[in-house]
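Me: Please give me a close look at a single part of this model, with its surroundings and how they are packed. I would like one connected account, with the cut-offs behind each term.

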Amino acid sequence: MRSRAPALAPFLRSDTQGQILALLLGDPDAELTMSELSRAVGRPLTSVHQEVVRLVDAGILSSRKVGPARLLRANEDYPLLRPLEEIVTALYGPLTHVRHAFGSLPGIQGIVLFGSWAARLAGQQGATPKDLDILVVGEPSRRQVYAAADEVQARMKVPVNPTIISAAEWSEGSPFVETVRSRPYLEVPVG
């Protein structure tokens, strides 16, 4: 049975492919193993392996062996690397960039992406997202949260809308939280 094209990027083969590309193209120093990629995108190793083989065969990624590990990175010699990086970052970059900018801030207990971007990643059809909605759970510094939002906004080139709520509000479920939970959302690993 054929899988449907991803709603977020129908020109890509899969969301897994988009997430792998976002991780490796979004950071020029990134060099990850298959297992690290599998954990980062939350997909089985076999699915990640299939996508990586296609991307290496196409020349988009390069690989090298270090002992038993196969390290993967963006192929800097791929002629369309920069345009592809811009496209992939715009569509799949939020996971990578939000995790990087917000994940280590003190006082954060959780990060939730919601709104149109999360809906597209969940497979709901619609227009390309024009902003990024982030729910920050915990008691972080507002200044640090807005600085992190500015960092993501500069990288993604779309408005970033952070909302801060307490862990109690997230677990008890205020009307706002219930609205977020009633629609597609994605929890971003922190730490």
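Reply: Leaving aside neighbours within four places in sequence, Pro94 is in contact (heavy atoms within 4.5 Å) with Thr89, Arg99, Leu113, Trp117, Leu132 and Met156. This is a predicted model, in which local features need pLDDT of at least 70 and side-chain atom pairs count only at pLDDT 80 or more, whereas totals for chains, interfaces and linings use all residues. Residues are numbered from 1 along each chain as its sequence is written, and side-chain values use heavy atoms, with hydrogens and water left out.

Pro94 is placed in helix 4, helices (H or I, at least four residues) and strands (E, at least two) being DSSP runs numbered from the N terminus. Because its relative accessibility is 1%, Pro94 counts as buried; buried means under 20% relative accessible area, exposed over 50%, and partly exposed in between, with a 1.4 Å probe and protein chains only. Between the C-alpha atoms of Pro94 and Leu24, which are 70 residues apart along the chain, the separation is 14 Å.

Pro94 also belongs to a helix pair. The axes of helix 4 and helix 6 come within 9 Å and cross at roughly 165 degrees, so helix 4 is roughly antiparallel to helix 6. Axes here are lines fitted to C-alpha atoms, for helices over the stretch in contact, with angles from 0 to 180 degrees between N-to-C directions. Angles under 35 degrees count as roughly parallel, over 145 as roughly antiparallel, 65 to 115 as roughly perpendicular and the rest as oblique. Helix 4 passes helix 6 in a right-handed crossing, the near helix being turned clockwise from the far one by less than a right angle (anticlockwise would be left-handed). On the side of helix 4 the contact includes Gly93, Pro94, His97 and Val98, and on the side of helix 6 it includes Val152, Arg155 and Met156. The residues of this contact divide into 10 nonpolar, 4 polar and 3 charged. In this division Ala, Val, Leu, Ile, Met, Phe, Trp, Tyr, Cys and Pro are nonpolar, Asp, Glu, Lys and Arg are charged, and the others, Gly among them, are polar.

Helix 6 (142-156) leads into a loop, before strand 6 (160-165), that holds Lys157. Lys157 has a positive phi of about 65 degrees although it is not a glycine. Lys157 counts as exposed because its relative accessibility is 71%.

In soluble globular proteins, nonpolar side chains tend to be buried together. Here the largest nonpolar core (buried Ala, Val, Leu, Ile, Met, Phe, Trp, Tyr and Cys residues joined through side-chain atoms within 4.5 Å) has 44 residues, and Ile20, Val98, Phe102 and Ile134 have the most contacts inside it. Helix 4 (residues 81-102) gives the most to this core, with 9 residues. Apart from it lies another core of 8 residues, among them Val112, Leu135, Val137 and Val177.

Ile20 leads to a second helix pair. Helix 1 (residues 15-25) and helix 3 (residues 45-57) pack at an angle of about 65 degrees, their axes 10 Å apart, which means that helix 1 is roughly perpendicular to helix 3. Thr16, Gln17, Ile20 and Leu21 of helix 1 meet Val48, Glu51, Val52 and Leu55 of helix 3. By class, that contact has 5 nonpolar, 2 polar and 1 charged residues.
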